[in-house]
Amino acid sequence: MKRLILLFALTVVCYAAKATTIYEIKYTFANTGDRIYAAFLVRYENNTGFMRVRYIINGTAKVVNMDFDEIRGNYTIDGASNETIRFTGRNPVFILGEATDKYYPDYLWFKKLPGESTFKPWGVTSPNPNGTTDQGSITSVKLLNTSDITEEYANYFFGKSEPFFVNLFNTSSGNNTSSYASNSGTIKLIMIANTNDDNIGSTCQRDIDHVKGMFRDVSRMLNLGFEYKEISGDNFGKATVVNTLNSMSTSNNDILIFCYSGHGFHYRNDESNAYPQFDLRSGKFDALDANTLNLSDIYSTLKSQNAHLKIILSDCCNSYLNVAKPFGNSRAATARSIVQWSRSNCQSLFLNQSGVVVATAASKGETAKCNADIGGFFIYNFVKSLDKSLSVFEGNTSWSNIISETRSAVLEMTNGQNCNESICSETAVSYVKIN
């Protein structure tokens, strides 16, 4: 079973990262004279990102790269409480500078006013080694798309051999899809979703939208065929699923994707199996035991297919029957940038890698969380992690990393919630074997 939770909706943009924010934020500090700091901040929706800060000292340009942690809070202004995010830089590494250079990470502050939907840049502070904090002043803010970034601008923050620069400006990396002939393979996507369910039907529809949109865009990016089979609504049921799986036919050039979104559970006497049962009843009065399949059954059926890459996903509970469902917390939303995908990253993941990826939303005894705006937390974060891996900022993408980031993002969203059951967190279970 799943439980409905309030989160934010996102906009889908074809061939572009769907949940990425890029800001240029310039700021100064009173104790550094007229020195201007320029921060290039990239935030992904899966709660990861980085920032680079460029400044000039004694006539020499410095660029430092940092990861960051997001810390949510509140700040009272004129008696009104405002939600805030503090982007706390960590692990500073100089991209341009000397080995002896030191940098104490700045804190970039965003706030969301009552009635607004997104957090926006608000302030900057800088901690000192002696425990004091310097208050800075923001002088300019720009929300960027990759189409706004010229080679000269990118070179202020990135070396010309770094993945972002190569992916965005090196035409030999193949970001122009029209210059490539169609490949002979096809992405074959099977989507099973319990859209008629009174409680989670709308969340399952959101999962359909996310998964179908993502892999359709991948097929277009790589000039692959796209075959889509959806089992939902009045067609939802075990017999339809079994018949569809048994009638599948794939070649080595194909990519086979199976995704289930609906109710799930775990038999108490099935302790050796980590994966959930799918509740495939088409009506409330159907016998449960006769209308269920385990995720491992799906894997056993599909592993003999010739497709060089198989991806099997499910977003459903893995809890024992009759366990109460918790509510969860929302994640902060920031303005969206349009960020170009890297064709070389897309090709690496889908054409150059072979094997199997199996992943489900929750561990044994856990529930899977969902919401009408974004659908299942697991499917949502999987799509966002895949989206991040395809962006021009990324290099050395891998399916193991995508699944690992998905697991971390879902766990972060669900851990420590105020709920009435013993297990509130949601920890994805996976098996990845890629050549």
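Which residues of β3 are buried on one side, and which on the other? That's where I'd like to start today. One thing up front: this is a predicted model, so please listen with that in mind.

Okay, β3. The strand runs over residues 37-44, and 8 of its 8 residues are buried. On one side you have Tyr-37, Ala-39, Leu-41 and Arg-43, and on the other Ala-38, Phe-40, Val-42 and Tyr-44, so both faces of the strand are covered. The split into two sets is the usual strand pattern: in a regular strand, side chains alternate between the two faces of the sheet.

What does β3 pair with? Its antiparallel partner is β4, residues 49-57, and there are 6 bridges between them. If you want one pair to click on, take Ala-38, which has Arg-54 in β4 as its bridge partner. The two strands make a hairpin with 4 residues in between, and in that turn Asn-47 has a positive phi of about 70°.

Before we leave β3, keep an eye on Arg-43. Arg-43 belongs to a network of salt bridges together with Glu-45, Glu-70 and Arg-336. I'll come back to salt bridges in a minute.

Next stop, the small sheet. It is open, it has 3 strands in the order β13-β14-β15, and the pairing is antiparallel. β13 and β15 are at the edges with a single partner strand each, so each has one side without a neighbour in the sheet. Between β14 and β15 there are 3 bridges, and across that pairing Asp-279 sits opposite Thr-292 of β15. Helix α5, residues 295-302, packs on this sheet and touches β14 and β15, with its direction at about 70° to that of β15.

Stay with Asp-279 for a second. Its side chain meets that of Arg-281 in a salt bridge, 2.8 Å from N to O. Here the two partners differ in exposure: Asp-279 is buried because its relative accessibility is 6%, while Arg-281, at 24%, counts as partly exposed.

Now follow the chain out of β13 and you get to His-266, in the loop between β13 and β14. Is His-266 buried or exposed? It has 2% relative accessibility, so it counts as buried. And what do its polar side-chain atoms meet? One lies 2.9 Å from the backbone oxygen of Asp-270. There is also a polar contact of 2.8 Å between the side chains of His-266 and Asn-318. Beyond its neighbours within four places in sequence, the residues in contact with His-266 include Tyr-275, Ser-319, Tyr-320 and Lys-364.

Let's move to helix α4, residues 238-246. Its buried residues are Val-241, Thr-244 and Leu-245. Looking down the axis, they fall within an arc of 95°, so they line one face of the helix. Turned away from that side are the exposed ones, Ala-239, Asn-243 and Asn-246. And what do the buried residues pack against? That would be β10, β11, β12, β15 and α5, and we met the last two on the small sheet.

Back to salt bridges, as promised. How many are there? The count comes to 16, and I'll just pick out two more. The pair Asp-209 and Arg-206 is joined at 3.7 Å, N to O. These two are 3 residues apart in helix α3, so about one helical turn separates them. As for Asp-209, its relative accessibility of 36% makes it partly exposed.

The other pair is Glu-426 and Lys-369, where the closest N and O atoms are 4.0 Å apart. This one links distant parts of the chain: Glu-426 is in the loop between α8 and β21, Lys-369 is in strand β19, and their positions lie 57 residues apart in the numbering. Both partners are buried.

Last one, and then I'll stop. Val-339 is in strand β17, residues 337-340, and it counts as buried because its relative accessible area is 0%. Which residue should you look at beside it? Try Asn-145: the two C-alpha atoms are 5.8 Å apart, although the residues are 194 apart along the chain.

That's my tour. Happy to go back to any of these on the screen.

Key. Residues are numbered from 1 along each chain as its sequence is written. This is a predicted model: local features need pLDDT of at least 70, side-chain atom pairs count only at pLDDT 80 or more; totals for chains, interfaces and linings use all residues. Side-chain values use heavy atoms; hydrogens and water are left out. Buried means under 20% relative accessible area, exposed over 50%, partly exposed in between (1.4 Å probe, protein chains only). A polar contact is a pair of N or O atoms within 3.5 Å; within protein, one must be able to donate a hydrogen and the other to accept it, and residues adjacent in sequence count only if both atoms are side-chain atoms. Contact means heavy atoms within 4.5 Å. Two strands pair if DSSP finds at least two bridges between them. Axes are lines fitted to C-alpha atoms, for helices over the stretch in contact, and angles run from 0 to 180 degrees between N-to-C directions. The arc is that of the directions from the helix axis to the C-beta atoms.
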